[in-house]
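Please open the model in your viewer and keep the selection panel at hand, since this tour goes from one selection to the next.

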Amino acid sequence: LLDKTKVTATLVGRDEKTDLAVLKITPATPLTDQQVAKLGDSDKVRVGQWAIAIGSPLKYEATLTVGVISAKGRDLTIGPASQYRDLLQTDAAINPGNSGGPLVNIDGQVVGINVAIASPGGMGNIGIGFAIPVNQAKRILNELITTGQVKRGYLGVQTSPGNRELPKELQDLYGVKGGALVESVKPGTPAAKAGLESEDVIVRFGNRPISSFDDLESAVAETPPGRTVPVTVVRNRRETTLQVTIMLRPSEEALLGAPEGGAQPRQPSQNQEVQSSLGITVRPSSEANTPGVEITAVTPGSAAEDAGLAAGDIINRIGEQPVRNLAGFRSAMSQVKSGSAVVLRVLSQSPNGRIPRIIVVRPQ
């Protein structure tokens, strides 16, 4: 503790998804109210209010830095397993060693738990730090104290970070005003068993309207495992309702899965390559069972690079037109109006094989 007292801690429970844990200590002398941090209400925090970060940055114990709340509702992905939602952003200096320390308001109430920084090139603090809202932490710690774990529902669908809020181009393509786009469905999951398909747009989960992928994640997480829920999707511009039985969310480590490898590449039947105005060079797919055109190069600084396309991706549709070969690619691209955004269906390589992605390439 701050007065150098050492106590033994017992792990009550931990939650990988939110990166939170509860430890239990029994100090020799009971702590007073003045020695225990008071938890505030992070829902009442406003951008511009004072923020004070406390921790041990770079091993300098009991360090206090001051700034403001810079933003709310930030999402952050660190590696394949750690995905944080609805974070508080602050310019109070946060560095390695601050994680787990409190972010407090001007009244000394804890409104967040410091968790990460944005630091290009590992330069350290540049004024962009993040904290888990304390109200989120309260919900998690109550479950950990009661049961030792957090039970969340699990569906088994994925989408790209750029499509968590459906862009206008995809709303027009699928004939919706919002919803959660399903880009890929994991085999053997509740989604797969219920018949959900890639490019379904989920617009209702039970009685809850769904306008974004964040809405879907919240609704699924709050559903008790084992419950069957009607899920309304838009498929081919028509609504259909599927019955989905939600399961218990596996651990984040299990969700990563063991590498299965993808299809074995073969040499293209021809060496012909085509350069596109999007900023990509393509050739016939090198995978026998995966028709389409394979990206061999992406021009640095191009619209394709901005959209996240990469060498090795296979394009199998442009807009609503399937692409099976170079001739199909040329035909589809010839119908794209100059200066218009292009919607591509792409199969990208992952540790578990090819996964579909929907990518919007916008003119620069």
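Select α1 (134–147) to begin, because among helices and strands (DSSP runs of H or I with at least four residues, or of E with at least two, numbered from the N terminus) α1 gives the most to the lining of the second largest pocket, with seven residues. This is a predicted model, in which local features need pLDDT of at least 70 and side-chain atom pairs count only at pLDDT 80 or more, while totals for chains, interfaces and linings use all residues. Residues are numbered from 1 along each chain as its sequence is written, and side-chain values use heavy atoms, with hydrogens and water left out.

Add β2 (20–25), β3 (50–55), β6 (102–104) and β7 (110–117), which also give two or more residues to the lining of this pocket. Its volume is about 1,900 Å³, and among its 48 lining residues the closest to the centre are Leu 1, Gln 35, Ala 37, Gly 100 and Pro 102.

Next, select helix α4 (residues 213–221), whose buried residues (under 20% relative accessible area with a 1.4 Å probe, protein chains only) are Phe 213, Leu 216, Ala 219 and Val 220. Seen down the axis of α4, these residues fall within an arc of 125° (taken from the directions from the helix axis to the C-beta atoms), so they line one face of the helix.

Finally, colour the chain by pLDDT, the predictor's confidence in each residue, from 0 to 100: the mean is 89, and 93% of residues reach 70 or more. Over residues 258–270, however, the pLDDT is below 50. Where pLDDT is low, the predicted coordinates should not be read in detail.

Definitions and conventions:
Buried means under 20% relative accessible area, exposed over 50%, partly exposed in between (1.4 Å probe, protein chains only). Contact means heavy atoms within 4.5 Å. On a 1 Å grid over the protein atoms alone, a cavity is a set of points where a 1.4 Å probe fits but cannot get out, and a pocket is an open set with protein on both sides within 12 Å along at least five of seven lines; lining residues have an atom within 4 Å of a point. Grid points are joined across faces, edges and corners, and a volume is the space filled by probe spheres set on the points.
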